Amino acid sequence: MRGAGRRIGAAILAVVAMLGLGGCSTRAAEWTDQTYAIAGGSPTGVYYDYGGRIGAALSGALDITVQVEQTAGSLDNLRRVGSGQALLGFAQADAAADAVMGTGAFDQPLPVVAVARLYDEYLHVVVRGESDIDSIADLAGSTISLGARDSGVNVIATRVLDAAGVGIDTIQDPQLGLSDSISAMRSGEIDGFFWVGGLPTPGIEELASNQPVRLLPIERTWVTTINERYANAYRTADLPVGTYGLTQSAPTMAVPNYLVTASSTPDAVVRDILVTLFDARQEMAAEVPAAALLDRRQAVFTSPVELHPGAVDFYRGMRE
């Protein structure tokens with residue numbers, strides 16, 4: 001129940017922040033009394049936990065209402081931000097690159113820019129501990145969720161399978177998000193699932209604490225192949241010993257994660273967001289470890305997604 005506890009804690013923090021801290025600092029005149037949304041992904045993933053903490057911090061510091069919303073993932077988040085449905089959203093660098101260039105799943109460029117590079121996300125290919133699936137090649141003929149429709153997980157899953165020479169048509173894919181994938185694993189409805197998220201991902205951590213699971217290795221040559229074909233957004237990485245009960249590190253791939261907003265968002269609003277985000281970083285990290293990885297020196301590296309002008313001014317001011 002650790003993931004649920006975190007979400008309950010986030011809700012409590014939001015209430016306390018709004019009641020106890022409201023009006024404690026000035027805010028830009030461009031803010032309104034509307035309810036602002038953060039596009040946050042699956043409720044059992046890091047996006048949602050982190051988004052809830054950011055929403056609580058902004059609500060308390062600026063005396064506004066900011067709520068995290070459940071979404072399908074990066075592609076969905078980018079579309080919500082680009083259309084104005086959400087003020088902020090989380091997105092993998094590869095999906096964000098496609099969005100601003102109007103390629104891949106996007107028919108035309110979206111008016112989306114970056115606020116910060118937050119942390120790296122890791123590819124998880126999770127199978128049951130007793131399964132005879134030992135490699136990506138063994139996935140052929142199995143029921144494996146490649147992520148929800150409109151998710152960044154699905155983008156990476158299809159690229160990895162292609163690089164590994166495994167035809168997508170050889171896999172039965174129910175297109176489940178993280179929460180449904182975990183439920184389906186518990187009930188034996190699927191053999192495994194793909195996920196891309198921060199470490200540790202709460203839902204997978206909870207799953208691994210209740211039943212044996214294994215994570216399949218990702219070969220370094222596949223990462224090189226994928227980078228040659230796409231936005232060079234990926235790097236080789238390892239899931240460290242101890243994560244989800246691993247007794248030895250597991251080779252995988254990682255992709256940066258960005259906090260994004262619409263290009264039309266006022267500069268002063270973006271500055272308020274970043275001031276609050278950095279001020280609350282350590283407090284948020286107590287519940288969402290990925291929040292501790294926010295670093296002002298790395299936050300500016302969001303290529304090929306441009307930084308919002310308000311973000312550029314903020315980071316310049318931090319160096320002065």
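This is a short talk on some aromatic pairs and two buried strand residues in one structure.

A word before we start. The model is predicted.

Let's begin with the rings. The count of aromatic pairs comes to seven. Take one of them, Tyr47 and Phe90. How is this pair arranged, stacked or edge-to-face? Stacked: the centres lie 5.1 Å from each other, with 15° between the planes. Now look at where the two partners sit. Tyr47 belongs to helix H2, residues 46-62. Phe90 belongs to strand E3, residues 88-92. The two are 43 residues apart in sequence, so their pairing ties together separate parts of the chain.

Are these two buried or exposed? Anything under 20% relative accessible area is called buried. Tyr47 has 7% relative accessibility, so Tyr47 counts as buried. Phe90 has 0%, so Phe90 is buried too.

The pair also has company. Tyr47 and Phe90 form one aromatic cluster with Tyr50 and Tyr119.

One more ring, this time with a charge. Arg159 lies over the face of Tyr230. The distance to the ring centre is 3.7 Å.

Next, strand E9. This strand covers residues 250-262. I'll take two of its residues, Thr261 and Val260.

Thr261 first. Its relative accessibility is 1%, so Thr261 counts as buried. What does its side chain reach at 2.7 Å? The backbone oxygen of Leu87. The side chain of Thr261 also makes a polar contact with the side chain of Thr265, at 2.8 Å. Then come the contacts from further along the chain. Leaving aside residues up to four places away in sequence, Thr261 touches Val81, Leu87, Leu88, Pro111, Val112, Val113, Val115, Val270 and His308. So Leu87 appears both as a touching residue and as the owner of that backbone oxygen, if you cite the rule that contact means heavy atoms within 4.5 Å.

Now Val260. At 0% relative accessibility, Val260 counts as buried. With residues up to four places away again left out, the residues Val260 touches include Leu78, Gly89 and Ala114. Val81, Leu87, Leu88, Val112, Val113 and Val115 are also among them. Those six names are on the list for Thr261 as well.

One last distance. Which C-alpha atom lies 9.9 Å from that of Val260? That of Ala86, and these two residues are 174 apart along the chain.

To close, keep two places in view on the model. One is the stacked pair of Tyr47 and Phe90. The other is strand E9, with Thr261 and Val260.

Key: Residues numbered from 1 in each chain as written. Predicted model: local features only at pLDDT ≥ 70, side-chain atom pairs only at ≥ 80, totals over all residues. Heavy atoms only, no water. Phe/Tyr/Trp six-rings, centres within 6.5 Å; stacked < 30°, edge-to-face > 60°. Helix = DSSP H or I, 4+ residues; strand = E, 2+ residues; numbered from the N terminus. Buried < 20%, exposed > 50% of the residue type's maximum accessible area, 1.4 Å probe, protein only. Lys NZ or Arg CZ within 6 Å of the ring centre and 35° of its normal. Polar contact = N/O pair within 3.5 Å; in protein donor to acceptor, adjacent residues only side chain to side chain.
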